[in-house]
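Biologist: I have a structure to show you. Please take my questions one at a time.

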Amino acid sequence: MSFAIGLKCRECSSTYPSEAKFACDFCFGPLEVHYDYAAAQGQVTHASIAEGPSSIWRYHQLLPAAGPEGAVDLGAGYTPLRRARRLGEILGMKELYLKDDTVNPTGSFKDRVVSVALSNARRLGFSTAACASTGNLATSVAAHAASIGWPSVTVIPSDLEKSKIAMTAIFGGIVLAVEGNYDDVNRLCAELVSEHPDWAFANVNLRAYYAEGSKTLAFEIAEQMGWRTPSQVVVPVASGSQLTKVAKGFRELELLGLTTGPTPVLFAAQATGCSPIAQAFVSGADVITPVRPNTIARSLAIGNPADGPYVLDELRAHGGACGSVSDEEILECIGLLARSEGVFAETAGGVTIASLRQLVRSGALNPDLPTVAIISGHGLKTLDVIVDTAVATHTISPSLQDAQEALKFRDLVEAAS
Ligand SMILES: *Cc1c(COP(=O)(O)O)cnc(C)c1O
Ligand SMILES: [Zn+2]
């Protein structure tokens, strides 16, 4: 059974029943799912969690909606936490881990949030799925909708990576490609939701439920580390929902007495071409000034991040910071991660690793403490950015002489470094 008891305004604490409601009637603040933690005490245990399936639904007591049986579930979550010894050594770090969310059903962390959003949509009587997306969310919504026979309407910027559009269209829903950026898409969806209140927009009218899915990253990291929390976690940031809910997840475990160790300090990762949070953090501002995104990290290209102020609060309250990295650094670090650890990430993963390196170099992040970097999407999603540089080493005729000529010893040594 879930210990969720309803929705609560983040600003004024007004409470509401568990409905498809996303803004407070009194102050227009965002709503989030809240729980009866007193009742959960002693009921959510390491053993109750271990009994669950190998997916995000093993934590169903701390998620809204039905248990594992009622979930809209392609098997999101329970992804590997990899000890990254080789990359850690290169970056001068003692204990680095990668939370490898590339291996989710549709190749990104969005499967976590969509599984929770659509499970709640079904509970609330919806039968059409929709979303405003920078790409990965559209793919995940279309896939999860297809799995239960629902129609879907996914709205994306028309100039997205071809691979992401194809990966969404293949599931058979309606894909609306909008000539504009994500912030235009988001505005359009705010209008669409009032025309179609019977559609479940994962990140608009179902946003409170959607957001809860990100807590499972914190739950899994803690469980995979033997219920001892890491000191530092680096999180890629678009709207800021993932970072704020990873923080909530760690707080809930601590509150329920399920973890030992420090309260993890969270660090944000952004591309300089879309870094409204990094800019506000550095300038000491409390408000986010929206930007016009221009970066290869399309999945993180949200110029007006909905949860930006909460990310700033979280970073400032616990001594975190925000990385800001160039497109060149993103590409370099996609390669660095692949060569050092055998993990192929999309551009958002390049943002995370390049930010981690920057934060170590600047002294903001302590290289001696246990640190987790969240790798949130698979490299096959953004092949476009590497196909011209990641190419065959030699092209030869099918003769032994040509092969020997090409395979000089020096090449092998270089290839392994
Ligand atoms: C959506 C997304 C994120 C983070 O998004 P938030 O809006 O900040 O929750 C991170 N990485 C990838 C690959 C994504 O698709
Ligand atoms: Zn309110």
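Biologist: What covers the buried residues of H6?

Modeller: First, the ground rules: this is a predicted model, where local features need pLDDT of at least 70, side-chain atom pairs count only at pLDDT 80 or more, and totals for chains, interfaces and linings use all residues. Residues are numbered from 1 along each chain as its sequence is written, and side-chain values use heavy atoms, leaving out hydrogens and water. In helix H6 (residues 162-169; helices are DSSP runs of H or I, at least four residues, and strands are runs of E, at least two, numbered from the N terminus), Ser163, Lys164 and Thr168 are buried (under 20% relative accessible area, 1.4 Å probe, protein chains only; exposed is over 50%, partly exposed in between). Their cover, by contact (heavy atoms within 4.5 Å), includes helix H5 (136-147), strand E7 (152-157) and strand E8 (174-178).

Biologist: Which residue forms a salt bridge with Lys164?

Modeller: A salt bridge puts a side-chain nitrogen of Lys or Arg within 4 Å of a carboxyl oxygen of Asp or Glu. Lys164 is buried, with a relative accessible area of 1%. Its closest N and O atoms to the partner are 3.4 Å apart, and that partner is Glu346.

Biologist: Is Asp286 buried or exposed?

Modeller: Asp286 meets Arg316 in a salt bridge, 3.7 Å from N to O. Arg316, at 34% relative accessibility, is partly exposed. Asp286 has a relative accessible area of 63%, so Asp286 is exposed.

Biologist: How many salt bridges does a search of the whole structure find?

Modeller: One of them joins Arg112 and Glu220, with the closest N and O atoms 2.8 Å apart. The whole search finds 20.

Notes. Chains lettered and ligands numbered in written order.
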